Every structure is written in C-alpha cells, then in structure tokens.
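Visitor: I would like to go through the charged side-chain pairs in this model. Please keep the answers short.

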Amino acid sequence: MRGGMKVRAYDVRRRAVEDGATYGWRRAHKHTDTPEEDAIVDKIIQGALDEVCEYFDFDDEDCSAGSGHPSLRR
C-alpha cells in the first residue's frame, strides 16, 4: 500500500475479540439471568469468531456458525 498506511492487525484483532466477547456475554444472558456455563462459553466464542470474521478473511476456514470450535457444532 502506498502512502505509508499500515493496519495494526493486533489492535484490530484485539478489538474484534473484545467486542465479540462482550456481545456473547450479553447474548448468553438475553433470556435468563443465570445461564449455564456451557451457554456462556458458546456465546462468547461465537461472538468473538463472528466479530473476527467481520474484519478478516480466512482462505482455509469457514466463518459460518463457529465451525472451528467443537462445542459450537450442534
């Protein structure tokens, strides 16, 4: 890229993971004040993966439905 611009990939990834984790936490608590631990973990992982996939393309991975994590394959 010309003009001296460079993406700070770590910062972008960190923000995506933080935003996704926050979203996942809220999603897990959407219909109950006391969600199961598995539900919290699944929603946080899914939120983080979804958010990362908004900013990054992966040649060898599918960004749909959290396909990379076994607990999300249901």
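**Salt bridges**

Guide: In this predicted model, the side chains of arginine 8 and aspartate 11 meet in a salt bridge, at 2.7 Å from N to O.

Visitor: Is arginine 8 of that pair buried or exposed?

Guide: A residue counts as exposed when its relative accessible area is over 50%. The value for arginine 8 is 61%. Arginine 8 is therefore classed, by that cut-off, as exposed.

Visitor: Which residue does glutamate 18 meet in a salt bridge?

Guide: The partner of glutamate 18 lies with it in helix α1 (residues 9–28), four residues away, about one turn of the helix. Both side chains are partly exposed, glutamate 18 at 40% relative accessibility and its partner at 45%. The N to O distance is 3.0 Å. The residue that meets glutamate 18 is arginine 14.

Visitor: What is the N to O distance between arginine 15 and aspartate 19?

Guide: These two residues, arginine 15 and aspartate 19, also lie in helix α1, four residues apart. A salt bridge requires the nitrogen to be within 4 Å of the carboxyl oxygen. The side chains of arginine 15 and aspartate 19 meet in a salt bridge, with an N to O distance of 3.7 Å.

Visitor: What is the relative accessible area of aspartate 19?

Guide: Its partner arginine 15 counts as exposed, at 57%. Aspartate 19 is partly exposed, and its relative accessible area is 33%.

Visitor: How many salt bridges does the structure hold?

Guide: Among them are the arginine 8 and aspartate 11 pair and the glutamate 18 and arginine 14 pair. Arginine 15 and aspartate 19 form another. The number of salt bridges in the structure is three.

Note on methods:
Residues are numbered from 1 along each chain as its sequence is written. This is a predicted model: local features need pLDDT of at least 70, side-chain atom pairs count only at pLDDT 80 or more; totals for chains, interfaces and linings use all residues. Side-chain values use heavy atoms; hydrogens and water are left out. Buried means under 20% relative accessible area, exposed over 50%, partly exposed in between (1.4 Å probe, protein chains only).
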